[in-house]
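Trainee: I would like to go through this model one element at a time. Where should we begin?

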Amino acid sequence: MSGGSDKSGGVRRGAKSVGQTLERALDPLTSAIKKASGQKTATEPAAVAVATPGKPGLAVSPLAVPFPRMKPIAGVEVAVARAGFYKHDRPDLVVFRFAKGATAAGVFTRHQIGSPPVDWCKRHLDGTGGDEVRALVVNAGCANAFTGRPGADAARRTASEVAKRFDCRQKDVLLASTGVIGVVLDDRKITARLPEISQGLKPGGWDEAARAIMTTDTFPKGAYAEAEIEGVKVRIAGIAKGSGMIAPDMATMLGFVFTDAALSPGVLRSLLSLHVRSTFNSVTVDGDTSTNDTCLLIATGQSAAPRIGRVGDRRLADFSAKLEKVLLSLAHQLVRDGEGATKFVKVQVSGAASPASARRIAKSIAESPLVKTAIAGEDANWGRIVMAVGKTDEPVSRDRLAIKFGPHQAAIDGAPAPNYDEGKMGAYMKRPELEISVDVGVGRGQAAVWTCDLTKGYIEINGDYRS
């Protein structure tokens, strides 16, 4: 999976020479890349923990945000362990146990070569309707993707052993894996740790769980919110991992969100599908989609709030808004931890023929290597924006096209802005957080996509991913 994982099995032939070539090309940009100022997003919670890289030798992203204070979710117990999927000493296994009656929903990769853990979750959530989920097992270091029948058997055995340990059905156990593609999961490493896991289960422990699922992530990712359902407070806690292979469809990452609200599986499915569009499906790091993308939403029903069985219920309004906030925070953190990233960038497109058209144009800009390297070099090269807009085949008006970097106009009415100021533009581009606004002049559709720059750090991380 990604979010900083699941690179296909093997260093590409010639990767070293390509990396050296790109490094020489990007060397003039190095001095222009500045460390982030530590600015926090409006939704960032108070911090408690110090970030720790998941892979030795990786510097923590300059765009990193501290892990938030997150309260336990009633009906969720967590334990982490070292199963040994990595050569170095680090936790790489996390198991969640849920109270009886917990409900679940998920969205998964649309990659045509999905992994056995993805297949397992989709099949059993479809089969049970999401009415009962008792455990979730997540490992890092091995994606168990493109592994054929042996990989599927390993997934089944993992679920079977956990089900025996927790006295539940196989189909009540969900699975997720992240790491290198093309290696069959050694499920014995997981089952050997189950006695330790069983003894270590406890409420909370979110930061430990977030660290255990990291691959090339440089900081653990978490988000927390509280909402009200008919005057009763409920909690929402989420963790995610992701750093590279990020071009959501649904979302290139692993993400797990838990609540003590009592919500039917149908409500969970509707809310998750709705909010994934504007969160995980609206971020991109490198344009690549993973085989293992998984986002699960699990409700334990352990709060005193009334059970909600219909997505149109007005009592859901605050919960829905807070859920979107949690998902968006996690999605932004994926971009902030983009492999080698030094800039966090919002691409806002307006004046499009439809919201879908606006989103396609925004993604074209956000995923363009030429745009992303210019941003790394702190160059407001609006000509590259024009290129990325025009190549989409989406309806645009050449004579109405307008482009801004932050508050500074670069182009208007299809031509360079008469008041263009290189000095002011250059000063703006030195910021760690940027906004590019584009009006394509044909309608009222709009959309936002978040991305990061492309530096030689990305080449260095991915040139030796398996080692």
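Mentor: Begin with a definition: two strands pair if DSSP finds at least two bridges between them. With that in hand, note that this is a predicted model, and that in β7 the bridge partner of L136 is L174.

Trainee: How many bridges join strand β6 to β7?

Mentor: The L136 residue has its bridge partner, L174, in β7. Strand β6 covers residues 135-142 and runs parallel to β7. The number of bridges that join the two is 8.

Trainee: In β6, which residue is the bridge partner of V94?

Mentor: β4 and β6 pair over 5 bridges, in the antiparallel sense. For V94, the bridge partner in β6 is V138.

Trainee: Which strands stand at the edges of the sheet that contains β6?

Mentor: The sheet is open, has 4 strands with mixed pairing, and follows the order β3-β4-β6-β7. An edge strand has a single partner strand, so one of its sides is left without a neighbour in the sheet. That applies to β3 (76-81) and β7 (173-180).

Trainee: By what angle are neighbouring strands of this sheet turned against each other on average?

Mentor: The order to follow is β3-β4-β6-β7. With direction ignored, the average turn between neighbouring strands is 10°.

Trainee: How many residues of β6 are buried?

Mentor: Buried here means under 20% relative accessible area. Helix α3 (residues 148-166) lies across β4 (93-98), β6 and β7, and runs at about 135° to β7. Strand β6 is largely enclosed by the rest of the structure, because its buried residues number 8 of the 8.

Trainee: Now the other sheet. Which are the edge strands there?

Mentor: This open sheet has 6 strands with mixed pairing, in the order β15-β14-β13-β16-β12-β17. Each edge strand pairs on one side only, and the two are β15 (415-416) and β17 (445-452).

Trainee: What is the bridge partner of I403 in β14?

Mentor: Strand β13 (residues 402-405) and strand β14 (residues 408-412) pair over 3 bridges in the antiparallel sense. Within β14, the partner of I403 is A411.

Trainee: Which strands does α9 touch when it packs on the sheet?

Mentor: The direction of α9 makes about 25° with that of β17. The strands touched are β12 (344-352), β16 (433-439) and β17.

Trainee: How are α9 and α11 oriented to each other?

Mentor: The axes of helix α9 (residues 355-367) and helix α11 (residues 382-390) come within 8 Å and cross at roughly 135°. The crossing is right-handed. An angle over 145 degrees would count as roughly antiparallel and 65 to 115 as roughly perpendicular, so α9 and α11 are oblique.

Trainee: How do the residues of that contact divide into nonpolar, polar and charged?

Mentor: On the α9 side the residues are I361, S364 and I365, which meet I385, A388 and V389 in α11. The contact of α9 with α11 divides into 5 nonpolar, 1 polar and no charged.

Trainee: For the whole chain, what percentage of residues count as buried?

Mentor: The chain has 13 helices and 17 strands. Of its 467 residues, the share that count as buried is 55%.

Notes
Residues numbered from 1 in each chain as written. Predicted model: local features only at pLDDT ≥ 70, side-chain atom pairs only at ≥ 80, totals over all residues. Heavy atoms only, no water. Axes fitted to C-alpha atoms, helices over the stretch in contact; angles between N-to-C directions. Parallel < 35°, antiparallel > 145°, perpendicular 65-115°, else oblique. Left-handed = near helix turned anticlockwise from the far one by under 90°. Contact = heavy atoms within 4.5 Å. Nonpolar A, V, L, I, M, F, W, Y, C, P; charged D, E, K, R; others polar. Buried < 20%, exposed > 50% of the residue type's maximum accessible area, 1.4 Å probe, protein only.
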